[in-house]
Amino acid sequence: MSIDKFLTVDDYEKQSGGDTEDPLTALFSCLASEPRRCLLGTVSEQTPDPVPQRELATHLASMRDEPSRDTIPTEAVQRALVTLHHNHLSQFTAAGLFDHDPDRGTVTLTNHPAYHDPGILAAIHPQERTDIDAGSLDGLFSALSDSRRRTILASLNHSFQQIHLETLARDDGAREQRTAESAIPKADVDQLLSNLRHVHLPLLAEADLIDYDTEKQLVAYNGHPLLRVAWLHSVLDPDFRTRLTGTTADEGVGTIEGREGVVAYSQSLLERVDDELFSIFTATGLLEAGCFSRVMDASQRGVDVFLGTTDPTVRELIRENAPEIVLWEPDEDWLDVPIEEDRVARLLLADRDALMLGTLRERTDEGVYEETAFIGEGETTRQLLGSRLEQIEQTTQEFNSHT
């Protein structure tokens, strides 16, 4: 969901003292209030027309005092106007969600990319989703409004397995101090562990973003069951591809260096696919928890998902949790597609239009392969795949016919 601009891991390294200037923090802090989400919904329903502040105050007073706007006392509206001015409008403008015209006393929606995120739209129009609880959303957005907690989610999102708490603390410290995990002083690790145990992990677990086993001290990425939150979501960043590859979609093929960037782009494709996803993951551990949950999300929203993998763990998880996903085993012909003499690690084809080909490189000291990916959209996709498009067409037709 997702969740403004896309943040790379480096962007997550701001500390809470500087959070007030962080666009993600401002957005999620604003959304962590049911009254503000309702006000956003009211203004969005009247877009592109400006909405008078007094109308918003009346709506705010009706939430607090009376069930019907027709019976709201003038004094209640006046109190709501003061609350609107001092509490809510400043939050909306800080997050870049409203344009406020104080002379005319009106507000209008901006062109903030958050309004293109389906999860955020569902949050500000709760009448369209009967499964969304306001209190749950307050906790969700509040948990995401802290940069340290988003750092934690970034770390967990790149691991398919559970992570021990001390490993998570060392990884968090290494990102923050830009050094190797082994170089983190013990005192720093102890402080990080304390903050994780007593502050951050309980809030993330309560928001259903992680699974946290307090006895075994194990943590795993979960993802919110109600909302595709855009804490790592390319739809909120028009420059997402450019910052990862240095190229725009109009320039054809782009190249992503590094596993984290490859995973991030994989997730963006999984979130934006509408009709069909053709995918291959050739090595154990490549379908990280964050990618796995997005594959599941795509299937649940009606996307035809074809998942090629030989990983028995992934195949068992799919059979148990998403039997509607079509599983198949890529043969050697698929696994040996030559891309600059490297072996294909992952292939994602979204709606036959957007492609990512990831290749494995050297293995790091931590036992994780470095990756490079080639991406393309439109005609570039067809050029990259060539005759493979005919094989994909034949494969999907065979599976659909069998189904």
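In the predicted model, strand β8 (residues 276–281) and strand β9 run parallel and are joined by 6 bridges. Within this pairing, F281 stands opposite T309 of β9. Strand β9 is also joined to strand β10 (residues 326–328), again in parallel, through 3 bridges, and here W328 in β10 serves as the bridge partner of G308. Between β9 and β10 the chain passes through helix α13 (residues 312–321), and the resulting β-α-β crossover is right-handed. Burial is pronounced in strand β9 (residues 304–309): because 5 of its 6 residues are buried, the strand is largely enclosed by the rest of the structure.

The helix of this crossover can be described by its two sides. On the buried side of α13 lie V314, R315 and I318; viewed down the helix axis, the buried residues of α13 fall within an arc of 100°, and they therefore line one face of the helix. The face turned away from that buried side carries P312 and E320, which are exposed. At the start of α13, the backbone nitrogen of T313 is approached to within 2.9 Å by a side-chain oxygen of D311.

These elements belong to a protein whose secondary structure comprises 16 helices and 13 strands. Of the 403 residues in the protein, 54% are buried, while the area exposed by the protein comes to about 18400 Å², of which carbon and sulfur atoms supply 46%.

Methods. Residues numbered from 1 in each chain as written. Predicted model: local features only at pLDDT ≥ 70, side-chain atom pairs only at ≥ 80, totals over all residues. Heavy atoms only, no water. Buried < 20%, exposed > 50% of the residue type's maximum accessible area, 1.4 Å probe, protein only. Helix = DSSP H or I, 4+ residues; strand = E, 2+ residues; numbered from the N terminus. Pairing = 2+ DSSP bridges. Right-handed = clockwise from strand over helix to strand, strands pointing away. Areas by Shrake-Rupley, 256 points an atom, 1.4 Å probe, with all protein chains shown as cover. Arc of directions from axis to C-beta. Polar contact = N/O pair within 3.5 Å; in protein donor to acceptor, adjacent residues only side chain to side chain.
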